[in-house]
Amino acid sequence: MSDPFYITTAISYPNGRPHIGHAYEAIATDVMARFQRARGRDVRLITGTDEHGLKMFQTARDQGRATIDLADEMSGYFREMYARLNISYDNFMRTSDTAHHAASQAIWKAMEANGDLYLDRYEGWYSVRDEAFYDESELTQGEGETKLSPQGTPVEWTVEESWFFRLSNYQDRLLALYNDQPDFIRPESRRNEVLRFVEGGLKDLSVSRTSFDWGVPVPGSPGHVMYVWVDALTTYLSGLGYPDPASDFGKFWPANIHMIGKDIVRFHTVYWPAFLMSAGLPLPKQVFGHGFLLNRGEKMSKSLGNVVDPMVLAEQFGVDPLRYYLLREVSFGQDGTYSAEAIVRTANADLANSFGNLAQRSLSMIFKNLDGALSSDYAQAQDDLDLLGEVNEMARNCLPHAFEQLAFSVGIEDWLRAVFACNQYVDAQAPWALRKTDPERMRAVLMTLFKVVRTLAIAIRPVVPAAADKLLDQMGIAEDARDFAALADTDWFAKLAASGFAVGQPVPIFPRLELPAEEDEGEGEA
């Protein structure tokens, strides 16, 4: 599986510090990228910040500072979060970067050359918070005279000269795309929403603004900057080096997966493929609109004061337990909930008590009873073979199949069942008793446990990379032997035993967590 694999997060709008929703998306995207690397694929993970648009301009103006100064600061918070959460991105592209401006102007010129851009006057409803235009039919009445977008954000009537994109010309081609490639939009519920929207008819889209100058200049049209979504979506190209065909763009485009929140599916599955069709570029293979993490049934927002800081959670509970919880407890694609109590409960039950304890007592017994020595010349009983077969089936087939479908919670559940089977094996074999009654049988049991712990660690490594590597280090597993190809190597154990490697006193990889004292005893949601 040496073929390229390209995955992206949404390009976050940095008008505030990142919240747990940003972290959730970044973690899920990173797990998929790490999983594909472990499958032997050449992977690119691109992320970044979408820094243009009226909202950033107004925020900087209100603070009395240069817009680029605000963008530098806010973009830095996202970089800090990615570093803290161990996100293995290949490029962090800012829309304010010179290379991104060049890419945006290149796709603009390609759309213009195709006859899809024309100059006209825009009159309509615009949401500054969404950086989106809405039709009258999509609006609802708010308090007083306020009109609200489908996202519940206020809209204002806007009148200005604008370049338009002939989106109406692409309705039939988009419907054919959704029909011919049913997995282009996932999950199914998002696909159905987009289908209904496009079937209702598409109007041409305003794609430039003249009321502010914070954006990518429209080539050959002084005073116009690109509509933020043209600019932002192009980040998926500029992050690979577009329009240079000798860059990563030539190898990795089209994207395998755009990982985004469900609230921006329309932009990615209607506007984006239409822009690409117009520019003569291949379409991404899939857009996956994941759900939200909710706070007492409501989407997190600064105005509600319920935003959860992922940096605080990582500090309280550890990065790997947080990563594990978010993918274990939430069915990816649906909305999910968060609470400090739930993180503690899940991390302790699954990681500390089940897998961590299995690894700790297995390595401890080898260290204490066999002086850490490994040996491959022992007789295997049927119980040993059954356990090895069950764990290998999970690691080679069940978990990979689920992860390929982005069904992370399903794959982790498969992994956890294998962990439970290993703990049941330990209890049934009771190697501490065999030490006195049948030392050779004890040795066979402990060697079997060493093998399955290594397999379990490699399988779950995309989710908890730091902890898995800490464990595999203690087991003498080479850094280049921690992928799925290594699981197919039938000689690894004999080679390791012959090398003279000895297990030392193991160090726990998942200490038990405690609920912070200031947390309310009741379980909330976020």
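Where is the place of Pro 243? I began with that residue in this predicted model, and found it in the loop between helix H8 (235-238) and helix H9 (248-252).

**Entry 1: cis peptide bonds**

I looked at the bond that leads into this proline, and noted that a cis peptide bond joins Tyr 242 and Pro 243, with omega at about 10 degrees. I then turned to Pro 254, which sits in the loop between H9 and strand S13 (257-261), and there too I recorded a cis peptide bond, joining Trp 253 and Pro 254, with omega again about 10 degrees. I kept both on my list of things to check by eye, since most peptide bonds are trans.

**Entry 2: Phe 249 in H9**

I next looked up Phe 249, which belongs to helix H9. Its relative accessible area is 12%, so I entered Phe 249 as buried, the cut-off being under 20%. Leaving aside neighbours within four places in sequence, I listed its contacts as Leu 237, Leu 240, Gly 241, Tyr 242, Asp 244 and Leu 281; Tyr 242 is also the residue joined to Pro 243 by the cis bond. I also noted the spacing to Gly 239, which is 10 residues away from Phe 249 in sequence and lies 8.2 Å from it in space, C-alpha to C-alpha.

**Entry 3: positive phi outside glycine**

I went on to backbone angles, bearing in mind that most residues other than glycine have a negative phi. Leu 406 has a positive phi, near 65 degrees, and I located this leucine in the loop between helix H14 (382-404) and helix H15 (408-429). Its relative accessibility is 2%, so Leu 406 counts as buried. Ala 430, in the loop between H15 and helix H16 (431-437), also has a positive phi, about 45 degrees, although it is not a glycine. With 15% relative accessibility, Ala 430 counts as buried as well.

Within H15 itself I looked up Ser 409, which is buried at a relative accessible area of 16%. Not counting residues up to four places away in sequence, Ser 409 touches Leu 327, Arg 328, Val 330 and Ser 331.

**Entry 4: helix H11**

Which residues of helix H11 (residues 310-317) are buried? I wrote down Pro 310, Met 311, Leu 313, Ala 314 and Phe 317. Seen down the helix axis, these buried residues fall within an arc of 160 degrees, so they line one face of H11. This made me recall that an α-helix has 3.6 residues a turn, so residues three or four places apart point the same way. I then asked what the buried residues of H11 pack against, and the list is helix H1 (20-38), helix H3 (67-84), helix H12 (319-329) and helix H13 (340-369).

I also examined the two ends of H11. At its start, a side-chain oxygen of Asp 309 comes to within 2.9 Å of the backbone nitrogen of Met 311, and after the helix comes Gly 318, with a positive phi near 95 degrees.

**Entry 5: the second largest pocket**

I turned to the second largest pocket, for which I noted a volume of about 440 Å³. Its lining has 22 residues, and those nearest the centre are Tyr 134, Asp 135, Glu 138, Lys 203 and Asp 204. Two or more lining residues come from each of strand S4 (117-127), strand S5 (132-134), strand S8 (156-165), strand S10 (205-206) and helix H10 (265-279), with S4 giving the most, four residues. Sorted by class, the lining has 11 nonpolar, four polar and seven charged residues.

**Entry 6: the largest cavity**

How many cavities of 30 Å³ or more are there? I found the count to be one, and the largest cavity has a volume of about 40 Å³. Its lining consists of Gly 356, Ala 359, Gln 360, Leu 363, Leu 471, Gln 474, Pro 506, Val 507, Pro 508 and Ile 509. H13 and helix H18 (465-474) each supply at least two of the lining residues, and H13 gives the most, with four. By class I recorded seven nonpolar, three polar and no charged residues in the lining of this cavity. H13 had already appeared in my notes, as one of the helices that the buried residues of H11 pack against.

Conventions. Residues numbered from 1 in each chain as written. Predicted model: local features only at pLDDT ≥ 70, side-chain atom pairs only at ≥ 80, totals over all residues. Heavy atoms only, no water. Buried < 20%, exposed > 50% of the residue type's maximum accessible area, 1.4 Å probe, protein only. Arc of directions from axis to C-beta. Contact = heavy atoms within 4.5 Å. Polar contact = N/O pair within 3.5 Å; in protein donor to acceptor, adjacent residues only side chain to side chain. 1 Å grid on protein atoms, 1.4 Å probe; cavity = no way out; pocket = protein on both sides within 12 Å on 5 of 7 lines; lining within 4 Å. Points joined across faces, edges and corners; volume = space filled by probe spheres on them. Nonpolar A, V, L, I, M, F, W, Y, C, P; charged D, E, K, R; others polar.
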